[in-house]
Amino acid sequence: MYKPSEDVVARDVQGEFIIIPITSGAGDLEDEIYSLNETGRAIWEKLDGKKTLKDAVRELVSDFEGDGAEIEKDVSGLLGELLKRKMIVKISKS
Amino acid sequence: MREEPYVSPWIIHKSDLLKKKKPILSRLDIELTERCNNNCAHCYINLPKDDREAARKELSTAQWKGILKEAAGLGCMSVRFTGGEPLLREDFEELYVFARKAGLMVLVFTNAALITPRLAGLFKRIPPLEKIEVTVYGMSKGAYEAATRTDGSFEAAWHGINLLLRNRIPFVVKGALLSFNEREMDEFEKWAAAIPWMHGRSPAYSMFFNLRGRRDGRKNELIKKLRPAPEEGLRIFARRKEDYVKGMKEFCSKFMRVSGDRLFSCGAGRGGCVDAYGFFQPCMLLRHPDTVYNLAGGSLEDALVNFFPKIRGMKAVNPEYLSRCARCFLKGLCEQCPAKSWMEHGTLDTPVEYFCGVAHAQARFFGLLKERENAWEVRDWEERLDSFVKSGQEARCGSKN
């Protein structure tokens with residue numbers, strides 16, 4: 001399970017979804033504020049520290065009536081990017 | 001395959017937020033206090049640091065937090081903490097952390113003298129996400145303290161600046177040009193260019209000082225004495241003549257026009273400044289009572305949606321303004337605005353002779369005006385402007401330099 005890091009704050013400003021680092025070292029040093037695209041935002045909102053990844057994917061498949069394998073690939077891709085930038089933390093396996 | 005990255009660097013000036021999807025409030029200035037640890041004679045705002053009456057009237061920590069929270073809720077991305085000296089507020093750290101945790105970028109204006117190792121540590125741990133701006137009054141103790149009129153301020157400021165440097169906290173510097181420090185300009189600029197976050201650029205200067213925003217007549221007389229004559233200011237602008245003329249050609253090609261009777265052609269009222277006592281002003285300098293909104297009985301949103309648009313629609317009625325400023329094409333060069341009129345004359349639409357003189361001196365230097373010609377009487381200004389912008393610079397400029 002994953003959840004947003006306490007070292008960042010997410011804001012929706014006029015439909016633009018922005019991740020702003022609070023502490024130094026969240027994000028990377030060159031570009032400190034990030035925006036998520038629509039897919040990224042939908043996935044981010046499932047990362048509440050309570051759902052397993054399987055649950056998150058299942059909900060996304062249902063919400064978007066999408067292809068499970070494709071969505072799983074998107075989730076995996078985004079998690080990699082968010083972890084690299086320390087924007088989310090892993091709180092247990094799965 | 002996804003067509004775009006899930007996560008992209010977000011750059012405020014490239015974002016749609018400043019273009020088509022602009023929120024009600026993008027940026028907010030916050031004057032945490034009018035008090036200052038320095039006592040600069042040229043300052044438009046400073047009160048003594050131990051002014052208890054001023055401190056008593058200032059907004060509380062909880063009130064400032066309420067304003068910051070509302071600002072973030074309206075889509076604001078960046079707040080500027082200024083003063084006075086904002087670091088004088090005992091709750092500065094608390095307000096700074098609150099603003100950052102609300103997802104706001106924070107720009108701090110300071111003289112750096114109150115930066116402690118603890119505060120530098122905080123800026124390092126929780127970065128402001130905007131470069132701190134430090135005003136430097138001189139490179140020597142004599143010049144610096146002649147400007148600040150405060151013993152020990154030189155050592156304190158350089159201690160603070162060195163803390164920023166040692167902790168690699170991004171900052172830029174700017175100057176206030178006074179007779180005391182003018183001979184140190186070259187040294188200041190050389191030092192400033194070496195600061196990593198200045199990227200080799202020269203610092204900005206204030207020189208044509210504003211009068212007191214609270215219209216303090218006695219102090220205003222002193223500020224007037226510290227202002228350079230327009231020709232003297234021009235001489236300083238033109239120290240690097242080629243760069244100056246090149247930059248001004250670009251500037252003039254974009255901003256020179258006749259403004260007519262509309263008082264506000266700037267961004268005043270699209271954002272604004274909350275003063276130390278909870279009054280929301282359309283800009284940092286405009287304190288005319290008819291143009292400020294008392295947040296005690298309302299909200300930022302109400303001011304931005306219902307009050308400031310009426311202010312922005314105001315038109316000049318002063319016949320002198322209408323016959324001069326409203327017909328003058330030097331709008332871009334001239335600092336005339338309702339705030340300057342307020343500070344100088346207590347009205348919104350009275351021509352300010354000093355800024356008029358500065359604009360005319362520059363226009364003559366560029367060949368846009370002849371000697372003793374008034375810009376508001378020129379009819380062929382578009383041709384003259386076109387000729388200046390397109391011409392070889394050196395041939396046209398500078399009988400006065």
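**Chain A and the nonpolar cores of a predicted model**

From the N terminus on, chain A of this predicted model follows the order β-β-β-β-α-α-α-β.

Q: What makes chain A as compact as a globular protein of that length?
A: The globule rule gives 12 Å for 94 residues, and the radius of gyration of chain A is 13 Å, close to that value; chain A is therefore as compact as a globular protein of that length. Its C-alpha atoms fill a box of roughly 35 × 30 × 20 Å along the principal axes.

Q: How many helices and strands does chain A have?
A: Chain A has three helices and five strands.

Q: What share of the residues in chain A is called buried?
A: A residue is called buried when its relative accessible area is under 20%. In chain A, 46% of the 94 residues are buried.

Q: What share of the contacts in chain A with a separation of 6 or more joins residues 24 or more positions apart?
A: A contact requires heavy atoms within 4.5 Å. Of the contacts in chain A with a separation of 6 or more, 56% are between residues 24 or more positions apart.

Q: What makes a set of residues a nonpolar core?
A: The residues must be buried, of nonpolar kinds such as Ala, Leu or Phe, and joined through side-chain atoms within 4.5 Å. The largest such core has 93 residues, and Leu28(B), Phe81(B), Phe280(B) and Leu300(B) have the most contacts inside it. Helix α6 (residues 153-166) of chain B supplies the largest share of this core, six residues. A second, separate core of 25 residues includes Val245(B), Ala361(B), Ala363(B) and Phe365(B).

Key. Residues are numbered from 1 along each chain as its sequence is written. Chains are lettered from A and ligands numbered from 1 in the order in which they are written. This is a predicted model: local features need pLDDT of at least 70, side-chain atom pairs count only at pLDDT 80 or more; totals for chains, interfaces and linings use all residues. Side-chain values use heavy atoms; hydrogens and water are left out. Helices (H or I, at least four residues) and strands (E, at least two) are DSSP runs, numbered from the N terminus. The radius of gyration is taken over C-alpha atoms; the globule rule is 2.2 Å times the number of residues to the power 0.38. Buried means under 20% relative accessible area, exposed over 50%, partly exposed in between (1.4 Å probe, protein chains only).
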